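Thanks for coming. Please have the sequence and the structure open while I talk, and stop me if a term is unclear.

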Amino acid sequence: RIPIQAAGVAIDVGVHIGISRFPQDSRDADALLKYADVAMYVAKRRGGLFEMYDAALDEYTLRKLTMVSELRAAIGTPALSLHYQPQVNLHTQRAESAEALLRWKHPTLGVVSPGEFMAVAEATDLIQPLTEWTIVEALSQIRRWHQRGLAVRVAVNLSARILQDTAFPARLRTLIEASGIKPRQLELEITESAMMQDSARALGVVRQIHDLGVMIAIDDYGTGFSSLAYLRDLPVHALKLDKSFVMNARTREDDRVIVQSTAQLAHALGLQVVAEGVETEWEAQYLREAGYDFGQGYHYNRAIPAAECFLWMQKFNAAAASAAAELQPLPAAEFRQTAARSR
Ligand code: C2E
Ligand code: CA
Ligand code: CA
């Protein structure tokens, strides 16, 4: 294998081949392509040059590998889309950002949850094109919303694998520059557990992302190792407390202690603090009093298609504006007139 030279960099190129046979494996062209793809992933995993499709692969492996091939085909088609869940600023009561969450409508399985297919994508190199597609899509959504007068930030989730990819920050920069939006209108959510794998490399990647001017939040805070050393060293702007603590706050004293102390820790470190899984008015009120900056959850809205999210945020912010106007004291001149009339 001879590396190719590109811009002075030696790039190692490898190949893995998957084979399926007509008519033994199937008589259907689409199925044959899918099976060849499945065999290719087996070849990749085993590190060999080629692999024949084998229907005897266990059900689980087969289903997973088939999913990888179908998911790859879904990128760029309407079957794969981003839904958006609003995040509300608890001080101003305005929707100021939205989290982009992937939705995949599978032709036979129906809507497959990201919890299921992201694990599959992470296990293969599909995670790269999938992440890039998500970022490009989110960036163009930010631009469309801004053009329509809604200045919101969009948050995108980043998989652990991406934090191991030292070429990612440069690609991200290219995507942001091509989109014409300001880097700080994009937020990336990373998890503490993603930092645990080769943490020196992950830290380097996160720092480079930060240097681009992109916002970074720690997602699912409290479920990983919650290492204070990471909090000190990571250039993040927010902690996003995991929903499990928020959802049990009403009934569990220990969860309330975690909710409160996370807010104190975040603020003491100069970070914003966000709560996810806000499902009730009680929780929203409690979190506001505990000093949370942002809330996200079913109490406000679920993750919904972009067009719906746009209308919801517009309406929500208009209601916040009129509520604020009612609380405003009358301007002095108007007050004198009103006072004179009522005399
Ligand atoms: P996450 O980043 O923690 O996202 C929050 C999950 O909680 C979402 O599930 C959301 O729909 C759900 N949720 C929001 N509000 C509430 C609430 O009030 N109560 C409850 N019970 N749940 C709420 P979803 O969309 O199924 O996503 C699951 C996970 O899949 C995400 O967890 C994230 O880790 C991953 N994921 C989704 N989209 C992407 C993506 O584009 N890239 C990557 N790398 N991961 C993604
Ligand atoms: Ca998230
Ligand atoms: Ca989360």
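**Strands, two calcium ions and a ligand**

I start with a strand pairing: E5 and strand E13 (residues 294–296) pair in the antiparallel sense over two bridges. Two strands count as paired if DSSP finds at least two bridges between them. Strands, labelled E, are DSSP runs of at least two residues, helices, labelled H or I, are runs of at least four, and both are numbered from the N terminus. In this pairing, Asn89 has Phe294 of E13 as its bridge partner.

Before going on, some housekeeping. This is a predicted model, where local features need pLDDT of at least 70 and side-chain atom pairs count only at pLDDT 80 or more, while totals for chains, interfaces and linings use all residues. Residues are numbered from 1 along each chain as its sequence is written, chains are lettered from A and ligands numbered from 1 in the order in which they are written, and side-chain values use heavy atoms, with hydrogens and water left out.

Now the overall picture. The chain has 13 helices and 14 strands. Its C-alpha atoms fill a box of roughly 95 × 50 × 45 Å, taken along the principal axes. Of the 343 residues in the chain, 45% are buried. Buried means under 20% relative accessible area, exposed means over 50%, and partly exposed is in between, with a 1.4 Å probe and protein chains only.

Back to E5. Why is strand E5 described as largely enclosed by the rest of the structure? Because nine of the 10 residues of E5 (residues 80–89) are buried. E5 also pairs with strand E6 (residues 94–106), in the antiparallel sense, over 10 bridges. The hairpin of E5 and E6 has four residues between the strands, and Gln93 there takes a positive phi near 60 degrees. Strand E14 (residues 304–305) pairs with E5 too, again antiparallel, over two bridges. Tyr84 is a useful residue to find on your screen: its bridge partner in E6 is Ala100, and its bridge partner in E14 is Ile304.

Next, ligand 1. Which residues are the closest to ligand 1? They are Gln85, Arg103, Ser159, Glu279 and Tyr298, out of 21 residues that surround the ligand. A residue counts as near a molecule if one of its heavy atoms lies within 4 Å of it. For polar contacts, the pair of N or O atoms must be within 3.5 Å; within protein, one must be able to donate a hydrogen and the other to accept it, and residues adjacent in sequence count only if both atoms are side-chain atoms. An N or O atom in the side chain of Gln85 is 2.9 Å from a nitrogen atom of ligand 1. For Leu102, a backbone N or O atom lies 3.2 Å from a nitrogen atom of the ligand. Lys243 has a polar side-chain atom 3.2 Å from an oxygen atom of ligand 1. On its own, ligand 1 has 800 Å² of accessible area, and the protein covers 81% of that. Those areas come from the Shrake-Rupley method with a 1.4 Å probe; for residues, only the protein chains shown count as cover.

Now the strands E8, E9 and E10. Strand E8 (residues 153–157) and E9 run parallel and are joined by four bridges. Asn157 has Glu189 as its bridge partner in E9. E9 is mostly covered, with five of its six residues buried. E9 and E10 also pair in the parallel sense, over five bridges, and Thr191 has Asp219 in E10 as its bridge partner.

That brings us to the metals. Which residues are the protein donors of the calcium ion (ligand 2)? They are Glu99 (OE), Asn157 (OD1), Glu189 (OE) and Asp219 (OD), lying 2.1 to 2.3 Å from the ion. Donors are N, O and S atoms within 2.8 Å of the metal, or 3.2 Å for Na, K and Ca; water is not among the atoms, so sites may look incomplete. Glu189 counts as buried, at 1% relative accessibility. Asp219 also counts as buried, at 6%.

The calcium ion (ligand 3) is coordinated by Asp219 (OD), Asp220 (OD) and Glu276 (OE), the last listed twice, at 2.2 to 2.5 Å. Asp220 counts as partly exposed, at 24% relative accessibility. To finish, look at Asp219 once more: Asp219 bridges the two calcium ions, ligand 3 and ligand 2, which lie 4.0 Å apart.
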